[in-house]
Amino acid sequence: MDKITVSILIPCRNEEKFIQGVITSVLEFEDPDQIIREILLIDGMSIDNTKNTISKLAATDDRIKLLENPHKHQAAALNIGIRQATGDYIMRLDAHAVYPADYLILCQTTAQKSGADNVGGIVIPKISQSRYCASLVHALTTHKFGVGDSGFRTSLQPGPTDTVPYGFFTKDIFERIGLFDERLVRAQDYEFNRRINAAGGTVWLNPEIQVGYFNQPTLWRFLKKMFVQDAPYNAYMWYLAHYTFAFRHAVTGIFTLGIILGGALSLVFWWVRWPFIALAGLYGLLAVISGVQQAWRYKQLLHVFLLPISFFLFHFIHGCGLLSGIIRLLLGCAPVKQQSEPWSGAGRHQAFHTQGV
């Protein structure tokens, strides 16, 4: 059997704080069979020291190559890298993460044993600063009450799934179902994984594959990212690709709508008031219990008082972002409505269109 080869893609933009660490961790991958063919850093027009750092490291290892991404966002970067890649497999990494030495071997063996089109593992959130605000975000994203039942964050069971972080793809999957949809500035990974499923392929989760990801350093920046980027693009993704809808992504929108409508109607109708108060009380109780659990887990007394509030802000603001995305779609001013299909045959509205899907 011929030895497989792997192309590693790392999109980046203004990542001077993280880029050397991620490249160093890649160079330290266990690779006894020398399967890494190239490490492609696709830079989105950085204005900090990112490109200089990459160039210095490239001078020490000829597998490291710097590519330019004039479109700046990740989906475009990935497509640039895929077109340049020469490996049998494509490993998509993130510049905000760190990877253990066995990451490559675990991905390789899992892909070969499962025969899946894409494999990946679970995310282990990391604290990006020593200040309390960073530990608050960390606690918020490591409890099921905060992030729900997202498999790659909470699952310990290996097997087929709807998505995995980043991914270790067979090169031919991109020839069979297309590239990443560049209309999706966010959520392009999830859409592509669901497209694999929709086309009859397999996405495989192995919880032994673990990725350390650096969260936003403050609650404000975390919530801003949810409202401005992540949540609206869930709605845009549903519009472009109906097969991507998952109830867990819609829960915060229902929650926020319930808070707004339920709160307003409870002022007028008594038969709305008491169910609303009861549900609000139940949510508050679960938030407090979750805060106490995280306070005990991380030995942070402040979590008891601040996490319940943070859970509410996270869920409510994410829901506001989701609803704002839906409203923009209805008004015709969503950014995905202003762009044409990313490649011939993709369809003006559908990210993926073929008979039977």
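**Helix packing and nonpolar cores**

Guide: Helices α1 and α2 pack at an angle of about 25°, and their axes lie 10 Å apart. The model is predicted, so local features require pLDDT of at least 70 and side-chain atom pairs pLDDT 80 or more, while totals for chains, interfaces and linings use all residues. Residues are numbered from 1 along each chain as its sequence is written, and side-chain values rest on heavy atoms, without hydrogens and water.

Visitor: Why is α1 called roughly parallel to α2?

Guide: The angle is about 25°, and angles under 35 degrees count as roughly parallel, over 145 as roughly antiparallel, 65 to 115 as roughly perpendicular and the rest as oblique. Therefore α1 is roughly parallel to α2. The contact (heavy atoms within 4.5 Å) joins I19, Q20 and I23 of α1 to T50, T53, I54 and L57 of α2. These residues divide into 4 nonpolar, 3 polar and no charged.

Visitor: What makes α12 and α13 oblique to each other?

Guide: Helix α12 (residues 270-298) and helix α13 (residues 302-331) pack at an angle of about 125°, with axes 8 Å apart. That angle falls in none of the named ranges, and α12 and α13 are therefore oblique to each other. Their crossing is right-handed, a term for a near helix turned clockwise from the far one by less than a right angle, anticlockwise being left-handed. Among the residues that meet are Y283, A287 and Y298 in α12, and H303, L307 and F311 in α13. The residues of this contact divide into 11 nonpolar, 5 polar and no charged.

Visitor: How do you know that Q34 is exposed?

Guide: Q34 has a relative accessible area of 54%, and exposed means over 50%, buried under 20%, and partly exposed in between (1.4 Å probe, protein chains only). Q34 is therefore exposed. Q34 lies in the loop between α1 and β2 and has a positive phi of about 55° although it is not a glycine.

Visitor: Which residues have the most contacts inside the largest nonpolar core?

Guide: They are I8, F29 and M91, in a core of 36 residues. A nonpolar core is a set of buried Ala, Val, Leu, Ile, Met, Phe, Trp, Tyr and Cys residues joined through side-chain atoms within 4.5 Å. Elements giving two or more residues to this core include β1 (6-12), α1 (19-27) and β9 (203-214). The largest share, 5 residues, comes from α4.

Visitor: What does I8 touch beyond its neighbours within four places in sequence?

Guide: I8 is in contact with V26, F29, I36, E38, I39, L40, M91 and L93. A second, separate core of 23 residues includes I80, I122, F192 and I196.

Definitions and conventions:
Helix = DSSP H or I, 4+ residues; strand = E, 2+ residues; numbered from the N terminus. Axes fitted to C-alpha atoms, helices over the stretch in contact; angles between N-to-C directions. Nonpolar A, V, L, I, M, F, W, Y, C, P; charged D, E, K, R; others polar.
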